[in-house]
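Q: I'd like to learn how to read charged contacts and cysteines in a model like this one. Can you walk me through it?

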Amino acid sequence: MSEVAAAEDATLPAQDEARSFAPRPKKRDVHGWVVLDKPVGMTSTHAVSVVKRAFSAKKAGHAGTLDPLASGLLPIALGEATKTVPFVMDGRKAYQFTVAWGTQTDTDDTEGKVIATSEARPEEAAITALLPRFTGTIQQVPPKYSAIKIAGERAYDLAREGEEVTLQARPVEIDALRIVSHSAETTTFEAECGKGTYVRAIARDLGLALGCLGHVAHLRRTRVGPFSVADAASVESLRESPEAATAALLPVKTALALIPEIVVHRDAALRLKRGQSVLLRGRDAPVEAQAVYATSGGVLIATGSIDNGELVPHRVFNL
């Protein structure tokens, strides 16, 4: 090796060491929503970290866990947008999922171990005839491997420790359930449902009702509250450049698109920011409303309710 080459190699450890101690970007206040198209294999917690790092944001949180084996929309709130998370979590959701027939697993998806098998396979007509039983308000037993708490412990933690997990049926709302495609071994469905519905439980119960057993082989979330696939950004696009990440950032009030907007003047906005109620005037002013949001000059001021013509602020925003 030449002396020049040796000298260059000698500098490499020092350069690597310098890089390892390079200062991290300073955390900053970022406010808005990023609708991440989460890939299969990534946890929701990791997804939040990816988005938070892309923006060097001080504060971030997601609006509803999406299983690692599932892909699709995971809305992530940054900064003041975290105050609007409940409005997204309470919204309707849509999924596309594939059920593999003939096998039941303890997790009701491909991650678990097989606990029962069947040689039977359902005809499409038999599945179609059964779907009305799975729409509307139904009683559903959540999967044993779920985030539901039992005496303060997550059901999936208890199940992994080998404890017997018994969960009670609870009402859930399924607005629509339809077949997208069908083959001898699998059927793909689209579902539109409310908060707390488990798609894995739908697959499990369909298999049991049809006498052929089944589990979820593929799951993708396509809508959450006001957010759709058109709003989604990939992990790769967020990592591409700061400009690409900024282009994916949606305004805080995007999460409130499904509730009424009340436009107020400057003086009223100042009162709301102080946590004080505002009397709404005008012939068309609403008298009662469970949930609204107030803006002034296009800026989000507060979320709240209207009681006897008064706008009562519940959460105030600093934007």
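A: Sure. Start with a definition: a salt bridge is a side-chain nitrogen of Lys or Arg within 4 Å of a carboxyl oxygen of Asp or Glu. Keep in mind that this model is predicted. The side chains of R204 and D205 fit that rule, with N to O at 2.8 Å.

Q: What does R204 pair with besides D205, and how far apart are the two partners along the chain?
A: R204 also forms a salt bridge with D108, at 3.9 Å from N to O. That pair ties together distant parts of the chain, 96 residues apart: R204 sits in helix α6, and D108 in the loop between β5 (103-105) and β6 (114-117).

Q: Are R204, D108 and D205 buried or partly exposed?
A: Buried means under 20% relative accessible area. R204 is therefore buried at 11%, and so is D108 at 4%, whereas D205 at 21% is partly exposed.

Q: How many salt bridges does the structure hold?
A: There are 12. One of them joins K195 and D90, 3.1 Å from N to O. K195 lies in the loop between β11 (186-193) and α6 (199-210), and D90 in the loop between α3 (85-89) and β4 (93-101), 105 residues apart. D90 is partly exposed, at 46% relative accessible area.

Q: And the cysteines: how many disulfides are there?
A: A disulfide is a covalent bond between the sulfur atoms of two cysteines. Here the count is 0. As for burial, C193 is buried at 1% relative accessible area, and C212 is buried at 1% too.

Terms used. Residues are numbered from 1 along each chain as its sequence is written. This is a predicted model: local features need pLDDT of at least 70, side-chain atom pairs count only at pLDDT 80 or more; totals for chains, interfaces and linings use all residues. Side-chain values use heavy atoms; hydrogens and water are left out. A disulfide is a pair of cysteine sulfur atoms within 2.5 Å. Buried means under 20% relative accessible area, exposed over 50%, partly exposed in between (1.4 Å probe, protein chains only). Helices (H or I, at least four residues) and strands (E, at least two) are DSSP runs, numbered from the N terminus.
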